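Here are my notes on the model you sent round. Please read them with the structure open.

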Amino acid sequence: MEAETDAEIRQILQNSDQSLAAAEINEVLEQQNNISLNIAVTGETGAGKSTFINAFRGLNDEDDGAALTGCKETTKEVTAYPHPNYPNVTFWDLPGIGTTNFPAKKYKKKVGLEKFDFFIIISANRFTENDVKLAQEIKKMKKNYYFVRSKIDSDLDNEKKFRTNFNREETLTDIKEDCIKGLQDAGFESPQVFLVSSFELHEYDISLLQETFETELPEHKRNALLMTTPITSLEIIAKKKEAFKSKIKYWAAASAAGAAVSVPGLSIAVDVSILIAAVTQYVHGFGLDVPTMKRLAARTGVSYDDLLAVIVSPLAAAEVTSALVLRVMSSLAGRTVLMAVEEGSRFIPIIGIPIAMGLSYIAIYRVLSHILNTLAEDSERVFRKAFGSK
Ligand code: GDP
């Protein structure tokens, strides 16, 4: 896909009509950014579905758009919870097979199982007969499902309280093996079970679960997943950075082709709206927007000001406006980031495009790379600050 897009963009750039080229590259970018992903989260009432959906979207239970948690009523409706920063990625609270008004036979059609990309089956204990029935239906459709054993923090707390010879690793292994045994008894040959706590999302098997989602998802959907994956480890930050990095050439091409505004202090012009879109993606992807950081502060008990204090980039925890983006670009003029741009025609990677556009392309490419690195480092610092040495 990558090579095809490269060829496509090169062809568009060589088109003599520059504004048309910008529009066409934008369309290519839009297509990539608009891929939808529908993740079903299912299980018995009280299993922890709503809390997991909120935690995975970086929301606390009382935030706007959060799924209602702790209600005794059985969920009878399929409810959609879009990701706050990427509305095309939706989590669905799916009632378990035995908890709806319609008979099991009609469940698949009524609920519309086909529309989901994959399924997370949650249980706070062993998996139930209904969980198993649903997994078998999903299996028939050749879709992926993941057994998640929730509330692990609470299991560990209980064991700690009531056992004199408490051993964390042994307790975790016992819980997992017990769930696996239950599923094997129900006919699953080698089931995989992930231990998760929505209260301590960065702990236990969450990284393994995120990796498994990613490897098993069709390639064109992976980016959507990665963008909405909560930051639960430094590895996730590195992965997001790589994904963003591979797209810089497209943003740079679009901004250079659509060039409209000249950058103070630099003899180049850019389409600043495209840069805003790219930077906003980075800020959201790395969890550095104000609402996400405030929610992180509320969740971890580390104050918002303490999180802000470790941030270096002026683009993090700020409104990404054209004035701000241009100011950041100008501030890089004369620094190594932008050296060689002025005499840079020999670096122009795309033969047959106007030199001015080529210079803009190189400058934007370098500026975006620099911004991306700084934001990724900010994200690492915020993660360390929020979660300490854990
Ligand atoms: P749902 O009915 O499946 O949506 O379950 P909820 O998400 O509403 O959770 C039911 C109860 O379990 C609530 O009181 C949650 O606070 C609690 N809960 C959910 N996830 C966790 C968790 O990871 N750890 C602990 N200790 N409690 C949890």
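The points below take up the ligand site, one helix and the aromatic residues.

1. Status of the model. This is a predicted model, and the points that follow should be read with that in mind.

2. Residues around the ligand. The ligand is surrounded by 16 residues, of which Gly46, Ser50, Thr51, Gly70 and Asp153 come nearest. Sorted by class, this shell holds 10 polar, four charged and two nonpolar residues.

3. Helices at the ligand. Which helices each supply at least two residues of the shell? They are α3 (49-56) and α6 (152-162). The most is given by α3, with three residues.

4. Polar atoms facing the ligand. A polar side-chain atom of Ser50 is 2.5 Å from an oxygen atom of the ligand. For Lys151, a polar side-chain atom lies 2.9 Å from a ligand oxygen atom. Ala47 takes part through its backbone: one of its polar backbone atoms is 3.3 Å from an oxygen atom of the ligand. On its own the ligand has 570 Å² of accessible area, and the protein covers 83% of it.

5. Length of α12. This helix covers residues 272-285, and its 14 residues should span 20 Å at 1.5 Å a residue. The C-alpha atoms at its ends are 20 Å apart, so the expected and computed spans agree.

6. Setting of α12. Is α12 largely enclosed or largely exposed? It is largely enclosed by the rest of the structure, because 10 of its 14 residues are buried. The buried residues are Val272, Ile274, Leu275, Ile276, Ala278, Val279, Gln281, Tyr282, Val283 and Gly285. Just after the helix, Gly287 has a positive phi of about 70 degrees.

7. Aromatic pairs. How many aromatic pairs does the structure hold? There are 17. One of them joins Phe116 and Phe119, an edge-to-face pair with 5.6 Å from centre to centre and 75 degrees between the planes. Phe116 and Phe119 are both buried. For Tyr145 and Phe147, the ring centres are 5.6 Å apart and the planes stand at 75 degrees; an angle over 60 degrees counts as edge-to-face, so this pair is edge-to-face. Tyr145 and Phe147 are likewise both buried.

8. Aromatic cluster. Phe52, Phe56, Phe91, Phe118, Tyr146, Phe194 and Phe213 make up one aromatic cluster. When checking it on screen, note that a pair of aromatic rings is described by the distance of the centres and the angle of the planes.

Terms used. Residues numbered from 1 in each chain as written. Predicted model: local features only at pLDDT ≥ 70, side-chain atom pairs only at ≥ 80, totals over all residues. Heavy atoms only, no water. Near = heavy atom within 4 Å. Polar contact = N/O pair within 3.5 Å; in protein donor to acceptor, adjacent residues only side chain to side chain. Areas by Shrake-Rupley, 256 points an atom, 1.4 Å probe, with all protein chains shown as cover. Helix = DSSP H or I, 4+ residues; strand = E, 2+ residues; numbered from the N terminus. Nonpolar A, V, L, I, M, F, W, Y, C, P; charged D, E, K, R; others polar. Expected span 1.5 Å × (residues − 1). Buried < 20%, exposed > 50% of the residue type's maximum accessible area, 1.4 Å probe, protein only. Phe/Tyr/Trp six-rings, centres within 6.5 Å; stacked < 30°, edge-to-face > 60°.
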